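Reader: I am new to protein models and keep meeting terms that nobody explains. Could we look at one together and ask what stands behind each word?

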Amino acid sequence: MTTVIDGNEIADRIRADVSDCAARLSEEGVNPGLATVLMSDDGASETYVSMKQRACEETGIRGIHQELDPDEPAEVLLNRIDELNDDPTVHGILVQMPVPDHVDSRAVLERIDPAKDVDGFHPENVGRLVAGDARFKPCTPHGVQKLLESAGVDPEGKDAVVVGRSDIVGKPMANLLIQKTAGGNATTTVCHSRTDDLAAKTREADLVVAAAGVPEMITGDMLSEGCTVVDVGVNRVDADTEKGYELVGDVEFESAKGKADAITPVPGGVGPMTIAMLMYNTVKAASLQSG
Ligand code: GUN
């Protein structure tokens with residue numbers, strides 16, 4: 001029997017713990033605060049940000065949401081980040097990516113105070129992660145680690161294949177999987193759009209983390225019997241539904257489920273974990289800044 005890993009249930013447990021920590025900090029006079037900044041008209045980005053703000057409310061974190069017109073010059077966003085950096089009631093800052101083309105995303109990430117960078121995308125925090133001394137682990141790969149731990153899948157000694165090399169998921173995921181600490185110690189291969197024979201790599205894997213952003217690209221015939229499959233993909237594909245689309249992962253669920261011992265669904269797998277780990281990082285930021 002294949003285990004379908006329930007991300008909602010695991011995320012709820014983490015959020016309950018985070019909520020307790022937030023309440024304890026508040027009693028000490030520090031109410032954790034997360035600022036989200038959206039500079040985009042993209043419907044998916046709007047949805048993600050509103051989910052993050054709702055999670056703040058439910059966790060006892062003060063959510064501050066700001067929206068900027070996507071036509072504004074980059075300077076307006078950078079000035080807004082400066083204000084949030086200087087605001088002692090704001091402990092975490094998240095600028096939803098992607099930003100408009102005329103805004104240099106690197107300049108944006110570098111402008112955020114590394115102590116408030118709850119995404120873990122600032123070069124200082126990326127460096128700490130690679131050095132094995134992470135301050136804020138990026139939320140999605142950290143969520144994958146927690147999912148695996150809860151499902152009783154230990155990557156140690158396993159052959160892991162990460163499909164995708166994004167700064168947000170693929171690269172930090174690979175870095176976490178090769179760490180010498182719990183949740184790491186996997187022999188890790190990173191595949192991407194220029195990989196010659198992807199199926200040959202994934203067929204060798206005990207653990208596949210699919211994060212390429214290509215709908216249903218990983219099919220059952222590309223997997224080994226008994227592997228673990230984590231699907232990070234969230235792709236909107238046209239469908240005859242009320243919204244006109246449906247969400248599918250990077251994995252073709254039914255055929256993959258036929259091969260895997262454990263698999264995450266979309267939705268209800270990695271997605272809720274990303275938000276739970278953002279709440280975790282925000283409370284951690286507040287705690288570090290108050291102590
Ligand atoms: N866009 C897609 N995923 C993320 C994320 O984890 N953080 C931010 N800031 N933007 C994103």
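Reader: What makes G244 worth a look in the hairpin of β9 and β10?

Author: In that hairpin, with six residues between the strands, G244 takes a positive phi near 85°. Do keep in mind that this is a predicted model, where local features need pLDDT of at least 70, side-chain atom pairs count only at pLDDT 80 or more, and totals for chains, interfaces and linings use all residues. Residues are numbered from 1 along each chain as its sequence is written.

Reader: How do you know that β9 and β10 are paired?

Author: Two strands pair if DSSP finds at least two bridges between them. Strands are DSSP runs of E with at least two residues, helices are runs of H or I with at least four, and both are numbered from the N terminus. Four bridges join β9 (residues 235–238) to β10 (residues 245–248), so the definition is met. The two run antiparallel, and V237 has E246 as its bridge partner.

Reader: Which strands run parallel instead?

Author: One example is an open sheet of three strands, in the order β3-β2-β4 with parallel pairing. Its edge strands are β3 (62–67) and β4 (92–95), since each pairs on one side only. Six bridges join β2 (residues 33–38) to β3, and A35 has I64 as its partner there.

Reader: What is the angle between helix α2 and β2?

Author: Helix α2 (residues 43–59) lies across β2 and β3 and runs at about 170° to β2. Axes are lines fitted to C-alpha atoms, for helices over the stretch in contact (C-beta atoms, placed from the backbone, within 7 Å), and angles run from 0 to 180 degrees between N-to-C directions.

Reader: Why are β1 and β6 called edge strands?

Author: They belong to an open sheet of six strands, ordered β1-β11-β8-β7-β5-β6 with parallel pairing. Both β1 (3–4) and β6 (187–191) pair on one side only. Two bridges join β1 to β11 (residues 262–263), which just meets the "at least two" needed for a pair. T3 stands opposite A262 there.

Reader: What makes a residue part of the shell around the ligand?

Author: Its C-beta atom, placed from the backbone, must lie within 6 Å of the ligand. The residues that qualify are L94, V95, Q96, M97, D119, C139, T140 and I168. They divide into five nonpolar, two polar and one charged. Here Ala, Val, Leu, Ile, Met, Phe, Trp, Tyr, Cys and Pro count as nonpolar, Asp, Glu, Lys and Arg as charged, and the others, Gly among them, as polar.

Reader: How many shell residues come from each domain?

Author: At least three come from each of domain 1 (29–115) and domain 2 (139–270), with bounds taken from an automatic or database domain assignment. The C-alpha centres of the two domains lie 28 Å apart.

Reader: Why is the bond between M97 and P98 singled out?

Author: That peptide bond is cis, with omega about 0°. P98 sits in the loop between β4 and α4 (105–111). Another cis bond runs from V266 to P267, with omega near -5°. Most residues other than glycine have a negative phi, and most peptide bonds are trans.

Reader: Which residue other than glycine has a positive phi?

Author: N185 has a phi near 65°, and N185 is found in the loop between α7 (170–177) and β6.

Key. Contact = placed C-beta atoms within 7 Å.
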